[in-house]
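Here are a few short exercises to work through with the coordinates open. Try each one yourself before reading its solution.

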Amino acid sequence: MKSENQNLEEVVVETSKMPIRSTMEGITITPENNLANTGGTLLDALRNTPSISVSEDGAVSLRGSSGTNILINGRNSSLTQNLDQLPASAVEEIRVINNPNARYDAEAEAGVIDIVLKKGFELGTHGGVEATYGTRNRTNLGGRISHRGLKLNTYAGYNYRNWKQIGNRESTRFLFQENESLVQNTNNTDHDIGHNLNFGADYYFGNNTLSYEGVFQSSENWQVNTLYAEQLKNEDVFDYVRRNSENETDDGWDNALIFEHSFKDKGHLLRALASHSYRNQYKTQDIEIFNNSQSPDPENLTGRERAFTDEVRDISVFQFDYIRPWDDQKIEMGLKSTIRKFDNDYQYLRFDEVSQDFVVNPDVSNHF
């Protein structure tokens with residue numbers, strides 16, 4: 001017998017993840033496969049996710065309930081307090097777990113939203129950049145790179161966001177029994193500059209994996225909200241304007257060390273984790289009040305207020321999980337300890353006409 005060799009033409013099979021996929025636990029969303037998320041933040045991606053609703057102030061609810069536990073890479077993190085600072089381009093997947101098991105905190109009565117950040121998965125060196133530009137000079141720049149060998153995988157990604165927004169809201173309220181009406185019109189401007197950096201490494205030895213994951217966030221936000229109100233009761237008219245100028249800075253770190261051991265049986269896993277996250281938020285508010293007027297001019301100024309908020313959040317998590325398939329079922333057991341430390345110092349001041357200075361109001365101020 002004589003063998004013959006023949007070179008065939010190359011066949012390339014290309015595919016991509018579906019934007020929304022059903023899983024045993026719920027659904028998984030891939031933000032980058034939805035054009036509506038381009039240049040947006042994590043909150044924008046959540047707004048485009050079925051069964052998730054996001055309010056105007058950024059509160060997230062799942063299937064109509066606010067009892068939702070939001071995780072970063074499967075762990076508790078203080079960075080989830082400001083999801084608007086995390087770009088959608090840095091997110092690999094959003095996993096919505098409708099029926100969480102005992103491995104998750106009891107506070108997740110409505111479900112779990114797990115934010116999985118991008119990291120390298122394929123052998124070799126890979127990278128990518130993206131840039132978006134919009135009205136009002138809104139800019140989003142991002143890049144990521146990863147290198148994976150047989151023993152070591154390293155990755156890093158950076159995103160810069162410069163975002164400006166304007167808005168207007170109108171509302172009219174009637175109290176028929178009191179013969180009273182209230183008409184309110186609010187104009188607001190918002191300018192946000194943010195930096196986001198995520199990085200990490202995985203080391204493979206035998207059936208073990210030792211991983212480090214890190215995230216750093218820094219942002220500054222400026223807002224001006226001007227409320228115009230007209231109250232009419234019987235024939236009496238009362239006009240007023242309230243202008244609130246805010247400046248907020250946020251800095252946060254998230255670090256995690258993870259060890260995993262895979263047994264011979266598929267799905268048989270032992271996992272240990274230690275993580276720590278830190279977030280510091282400092283906000284100042286300057287409030288001007290103009291009574292009996294619809295014009296916020298200096299000559300109509302009747303009151304001034306100030307507020308300072310200094311909030312620090314520390315969260316440490318230590319977790320041990322053991323998972324073993326058993327015929328057509330699965331056994332899970334583990335230990336978890338979460339240590340939270342919150343420090344919120346709120347100072348509220350009013351301008352005193354006698355002393356011509358701002359005076360702290362102890363009835364409103366609070367240090368928690």
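## Charges, shape and core

**Exercise 1.** How far apart are the mean positions of the positive and negative charges of the chain?

*Solution.* Start with the two sets: the chain has 36 positive and 55 negative charges. Then take the mean position of each set; these lie 7 Å apart. Keep in mind that the model is predicted.

**Exercise 2.** Compare the radius of gyration of the chain with that of a compact globule of 368 residues.

*Solution.* The globule rule is 2.2 Å times the number of residues to the power 0.38. For 368 residues this gives a value near 21 Å, but the chain has 26 Å. Next, look at the box along the principal axes: the C-alpha atoms fill roughly 110 × 50 × 40 Å.

**Exercise 3.** Which residues have the most contacts inside the largest nonpolar core?

*Solution.* First, note the elements available: 1 helix and 18 strands. The largest nonpolar core holds 23 residues, and L42, L46, I52, V60, I94, I113 and I115 have the most contacts inside it. Now trace the suppliers: elements giving at least two residues each include β3 (52–54), β6 (91–97) and β7 (111–117). The largest share, 4 residues, comes from α1. In soluble globular proteins, nonpolar side chains tend to be buried together.

**Exercise 4.** Leaving out residues up to four places away in sequence, which residues does I52 touch?

*Solution.* Use heavy atoms within 4.5 Å as the contact cut-off. With those sequence neighbors set aside, I52 touches L46, V60, S61, L62, V96 and I113.

Technical notes: Residues are numbered from 1 along each chain as its sequence is written. This is a predicted model: local features need pLDDT of at least 70, side-chain atom pairs count only at pLDDT 80 or more; totals for chains, interfaces and linings use all residues. Side-chain values use heavy atoms; hydrogens and water are left out. Lys and Arg count as positive and Asp and Glu as negative; His and the chain ends are not counted. The place of a charge is taken as NZ of Lys, CZ of Arg, CG of Asp or CD of Glu. A nonpolar core is a set of buried Ala, Val, Leu, Ile, Met, Phe, Trp, Tyr and Cys residues joined through side-chain atoms within 4.5 Å. Buried means under 20% relative accessible area, exposed over 50%, partly exposed in between (1.4 Å probe, protein chains only).
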